[in-house]
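Hi,

Here is the structure I said I would pass on. Have a look at it first, and then read on for what I found.

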Amino acid sequence: MDLSTHYLGLRLPHPLVVGASPMVDNLDTVRRLEDAGAAAIVMHSLFEEQLSIEHRATVYHMEIYADAYAEARSYFPEASDFALCPCDYLNQIRRIKQAVAIPLIASLNGVSCGGWIDYARQIEQAGADALELNVYYVATDPIESSAEVEDRVVDTARQVKQSVNIPVAVKLSQFYSSIPNLCSRLEEAGVDGLVLFNRFYQPDIDIDSLQVVPKIQLSDASELPLRLRWLAILSSCLRVSLAVSGGVHVAVDAVKSIMCGAEAVQMVSAILRNGPRHLTTVLTDLRQWMDEHEYSSIRQMKGSMNLLRCPDRGAIERANYMHLLQTWREPV
Ligand SMILES: Cc1cc2nc3c(=O)[nH]c(=O)nc-3n(C[C@H](O)[C@H](O)[C@H](O)COP(=O)(O)O)c2cc1C
């Protein structure tokens, strides 16, 4: 059985990739992930804010501000909150490349065009095999239009792509008015792949201390269907590589993602919860499922349920939505 896949031009023995997370900070964990069978690993992100000298000054002011107004402190990261400084990040790439043989995808997290983009070249020189650009952004300014937000995403991606020779993927959120339009503009800008989707971490509020309480919740399988829909739509109209990120916990989740068009299946929460060996279980189960259902390769399965090939196209588009709402009955 041929489980191999091509993601971002990299030939992987199978689609299961460890998504961006702090797991890469520990070399021992990285080795365990490789031993467990990971096809590739994505590093956690290096943030634009860490790289921009101007912003360092802002962080400094924020820290002063936060000291003066204790309730404001929880809004702002302090410089020491970042796991690795930019120099450590490059060293960690070198260390990981020496420690394991699987491809390493570095991650830059930023939303503006600026000097920090040059860092992509240093990431390439340090030995990363590809680069994921996470364009996490929360639009809070009523004057800023969606077109401006999207133009910036495309310009940033284009500049990052132009700075390096390694493949570049963009990790998007689902909060755009026309995802296919933005994605085809990114394809035109030269990006090699898209990661669907970023998770937005929702801050909670402590009503006694009047503080914002940032918290990360690990995902569950309920996050997958949104990704499946967009994989199915985008894989029918784009040529770039697609990776799913969010809600993949077991082999069947990977099967669904591949059928909708994913070339790579990223997992984080399931591995954080169950440890690196969980990857081995998912890989074994994937192989067994394919065997039982007489699939001989990932290639054969890939995109079989995308918008062009899905037997019920309306189920992905609007028709099923109307049908479901019209036919809902209160449970008896
Ligand atoms: C603790 C933690 C740290 C993460 N750090 C990053 C990061 O640095 N950059 C990034 O792009 N995504 C980061 N993510 C998001 C994951 O890469 C992934 O997109 C998300 O967890 C959804 O996938 P999952 O359902 O498999 O967990 C992080 C997730 C977790 C749980």
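Let me start with one helix and how it is packed. What covers the buried residues of α11? Among the elements that do so are β3 (16-18), α1 (27-35), α9 (251-259) and α10. The residues being covered there are Leu279, Val282, Leu283, Leu286 and Met290, the buried ones of α11. Looking down the axis of α11, you will find these buried residues within an arc of 100°, so they line one face of the helix. Turn to the other side of α11 and you get Thr284, Gln288, Asp291 and Glu292, which are exposed.

The length of the helix checks out too. α11 takes in residues 277-292, and at 1.5 Å a residue its 16 residues should span 22 Å; the C-alpha atoms at its ends are 23 Å apart, which agrees.

Just after α11 comes Glu294, in the loop that leads from α11 to α12 (298-301). Glu294 is not a glycine, yet its phi is positive, about 60°. Is Glu294 buried or exposed? It has 7 C-beta neighbours inside 10 Å, so it counts as exposed.

Leu8 has a backbone of that kind as well: its phi is positive at about 55°, and it is not a glycine either. You will find Leu8 in the loop between β1 (5-7) and β2 (10-12). Leu8 counts as buried, because 25 C-beta neighbours lie inside 10 Å of it.

One more backbone item: the peptide bond joining Leu196 and Phe197 is cis, with omega about -5°. Phe197 sits in the loop between β8 (193-196) and β9 (204-206).

Now the ligand, which is probably where you will want to zoom in. Which residues come nearest to it? Out of 24 residues around the ligand, they are Ala20, His44, Ser219, Val268 and Ser269. By type, the shell divides into 13 polar residues, eight nonpolar and three charged. Three elements supply at least two shell residues each: β4 (40-47), β5 (104-109) and α10 (269-274). Note that α10 turns up in both places, since it is also among the elements covering the buried residues of α11.

Elsewhere, Asp151 is in helix α6 (residues 146-163). With 13 C-beta neighbours inside 10 Å, Asp151 counts as partly exposed. Its C-alpha atom is separated by 9.2 Å from that of Arg185, and the two residues are 34 apart along the chain.

For the overall picture, the protein chain has 13 helices and twelve strands. It has 332 residues, and 40% of them count as buried. Taking the contacts in the chain with a separation of 6 or more, 74% are between residues 24 or more positions apart.

Finally, a word on confidence. Please keep in mind that this is a predicted model. The mean pLDDT of the protein chain is 88, and 87% of its residues reach 70 or more. Over residues 60-77, though, the pLDDT is below 50, and that stretch has twelve contacts in the model beyond near neighbours in sequence.

Cheers

Note on methods:
Residues are numbered from 1 along each chain as its sequence is written. This is a predicted model: local features need pLDDT of at least 70, side-chain atom pairs count only at pLDDT 80 or more; totals for chains, interfaces and linings use all residues. A residue is near a molecule or strand if its C-beta atom, placed from the backbone, lies within 6 Å of it. Helices (H or I, at least four residues) and strands (E, at least two) are DSSP runs, numbered from the N terminus. Ala, Val, Leu, Ile, Met, Phe, Trp, Tyr, Cys and Pro count as nonpolar, Asp, Glu, Lys and Arg as charged, and the others, Gly among them, as polar. The expected span of a helix is 1.5 Å times one less than its number of residues. A residue is buried if 20 or more other C-beta atoms lie within 10 Å of its own, exposed if 12 or fewer, and partly exposed in between; C-beta atoms are placed from the backbone. The arc is that of the directions from the helix axis to the C-beta atoms. Two residues are in contact if their C-beta atoms, placed from the backbone, lie within 7 Å. pLDDT is the predictor's confidence in each residue, from 0 to 100.
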